[in-house]
Amino acid sequence: MDEARLKIAVQKVGRLTEPSLELLARCGLQLSRGKDQLFAYGENMPLDVLFVRDDDIPDLVREDVCDLGLVGLNVLEERRLALGGRCASLESLRSLEFGRCRLSLAVPKEFRYRGVRALAGLRIATTYPQLLERYLRERDVAAQIVRLSGSVEIAPRLGRADLICDLVSTGSTLEANHLTEVETVLQSHAVLIRTPLPLPPPKAEWVERILKRIDGVQQVRESKYIMLHAPRAALGEIRRLLPGSEAPTIIPLEGSTDRVAVHAVCRENVFWETLESLKKAGASALLVLPVEKMLA
Ligand code: PRP
Ligand code: ZN
């Protein structure tokens, strides 16, 4: 493998795969995925993707096999706790807006849940023993943790546990297994992590460029470009109504002394109600456009 190229670890199959690749594509990366399904070559950037099991991503990045990784906070935190002080370096560079899910306690439908403290002495099945252990310790609950490597949701039916601690996204897995969510242990989303080792300048520069692009992609999602005409006298009111905008551009209108055109980037979504208020304040010819790219 080419040492001068950045390697980023991405989940092979699962909830993070699609949105991770979409984020990289929106950062401008064009990938060619050959017959080897575990590796994709970046055509237009010195950045290649390795497709791996999500649980392996923290270690691949920590051990410098990959320079970057896109992984769930749940997996990262579990690994961080397991490693204790030995991984202060496993820091996340960015919180990302996808992969939202939560690690939750869930009980069988017929279970009469009476709060966390009443779980003392019960068996809780999970693939996240570290996060669960911390959660129970912080609440001073002496429950028994049953460590499993998968299929946690069937543990109560098999008589291996009284309840479970597992990831919930849509809730359909719990529903299908007659389980009810009762507590949230951790709110999770995807994060971008990097190797603890210093990178040579060309690679470090590319990491900086990618981070700026990621920030741009995340800002753009909600941002809108708004254009309107307004009487000069109403500019104060109109600026106040524009959601999350910095200094707008004011342009004189040909043949009019008191009306101007206002162009502004709004960092928040622009709703119909906002447009109606702007119109009431004297604006006309309102136009809202999506923003394609943004670079601070
Ligand atoms: C989690 C969890 C459930 C499922 C819940 O597994 O173990 O099986 O997702 O999602 P739902 O609420 O939308 O039904 P995940 O896909 O993260 O697999 P992994 O832990 O093996 O990576
Ligand atoms: Zn996994």
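This passage walks through the domains, pockets, ligand contacts and a handful of individual residues of a predicted model.

Start with the overall layout. The domain assignment splits the protein into domain 1 (6-98 + 190-220), domain 2 (101-188) and domain 3 (224-290). Domain 1 is thus written as two stretches of sequence, 6-98 and 190-220. Between the C-alpha centres of domain 1 and domain 3 there is a distance of 40 Å.

The largest pocket comes next, with a volume of about 800 Å³. Its lining is made up of 34 residues, and D54, D55, T127, Y128 and L167 are the ones closest to the centre. As for where this pocket sits, domain 1 (6-98 + 190-220) and domain 2 (101-188) both contribute lining residues, so the pocket lies between the two. Four elements each put at least two residues into the lining: β5 (68-72), α3 (73-83), β10 (163-168) and α5 (172-176). Helix α3 is the top contributor, with five residues. In chemical terms the lining of the largest pocket is a mix, with 12 nonpolar, 14 polar and eight charged residues.

Helix α3 deserves a few more words. Its buried residues are L73, N74, V75, L76, E77, E78 and L83, so the list takes in E77 and E78, and under the 20% cut-off for relative accessible area they count as buried. Just past the end of α3, G84 has a positive phi of about 60°.

Now for the ligand. Around ligand 1 are R15, D54, D166, L167, V168, S169, T170, G171, S172 and T173. Three of these side chains can be described in finer detail. For R15, a side-chain N or O atom is 2.8 Å from an oxygen atom of ligand 1. S172 places a polar side-chain atom 3.2 Å from a ligand oxygen, and for D54 the corresponding distance, again from a polar side-chain atom to an oxygen atom of ligand 1, is 3.3 Å. D54 and L167 turn up twice in this account: they are among the residues closest to the centre of the largest pocket, and they are also among those surrounding ligand 1.

The second largest pocket holds about 240 Å³ of space. It is lined by R26, C27, G28, R213, G216, V217, V220, E292, K293, M294 and L295. Helix α6 (residues 201-220) supplies the largest share of that lining, four residues. By type, the lining of the second largest pocket has five nonpolar, two polar and four charged residues.

A few buried residues help to show how parts of the chain come together. L23 is found in helix α1 (residues 17-26), and with a relative accessible area of 3% it is buried. In sequence L23 is 75 residues away from F98, yet their C-alpha atoms are 9.4 Å apart in space. L192, in strand β12 (residues 190-194), has a relative accessibility of 2% and so counts as buried. Its C-alpha lies 6.6 Å from that of V71, although 121 residues separate L192 and V71 along the sequence. By the residue ranges, L192 belongs to the 190-220 part of domain 1 and V71 to the 6-98 part, and the 6.6 Å distance links the two parts.

Over in domain 2 (101-188), S104 sits in strand β7 (residues 101-108). This serine is down at 1% relative accessibility, and therefore counts as buried. A polar atom of the S104 side chain lies 3.5 Å from the backbone oxygen of E183.

Finally, there are two backbone oddities to check in the viewer. D140 is not a glycine, yet its phi is positive, at about 60°. D140 is located in the loop that runs between α4 (129-138) and β9 (144-147). Its relative accessibility of 61% puts D140 in the exposed class. A285 is the other case: this residue, also not a glycine, has a positive phi near 50°. Unlike the loop residue D140, A285 lies in a strand, β16 (residues 284-290).

Definitions and conventions: Residues are numbered from 1 along each chain as its sequence is written. Chains are lettered from A and ligands numbered from 1 in the order in which they are written. This is a predicted model: local features need pLDDT of at least 70, side-chain atom pairs count only at pLDDT 80 or more; totals for chains, interfaces and linings use all residues. Side-chain values use heavy atoms; hydrogens and water are left out. On a 1 Å grid over the protein atoms alone, a cavity is a set of points where a 1.4 Å probe fits but cannot get out, and a pocket is an open set with protein on both sides within 12 Å along at least five of seven lines; lining residues have an atom within 4 Å of a point. Grid points are joined across faces, edges and corners, and a volume is the space filled by probe spheres set on the points. Ala, Val, Leu, Ile, Met, Phe, Trp, Tyr, Cys and Pro count as nonpolar, Asp, Glu, Lys and Arg as charged, and the others, Gly among them, as polar. Domain bounds come from an automatic or database domain assignment. Buried means under 20% relative accessible area, exposed over 50%, partly exposed in between (1.4 Å probe, protein chains only). A residue is near a molecule or strand if one of its heavy atoms lies within 4 Å of it. A polar contact is a pair of N or O atoms within 3.5 Å; within protein, one must be able to donate a hydrogen and the other to accept it, and residues adjacent in sequence count only if both atoms are side-chain atoms.
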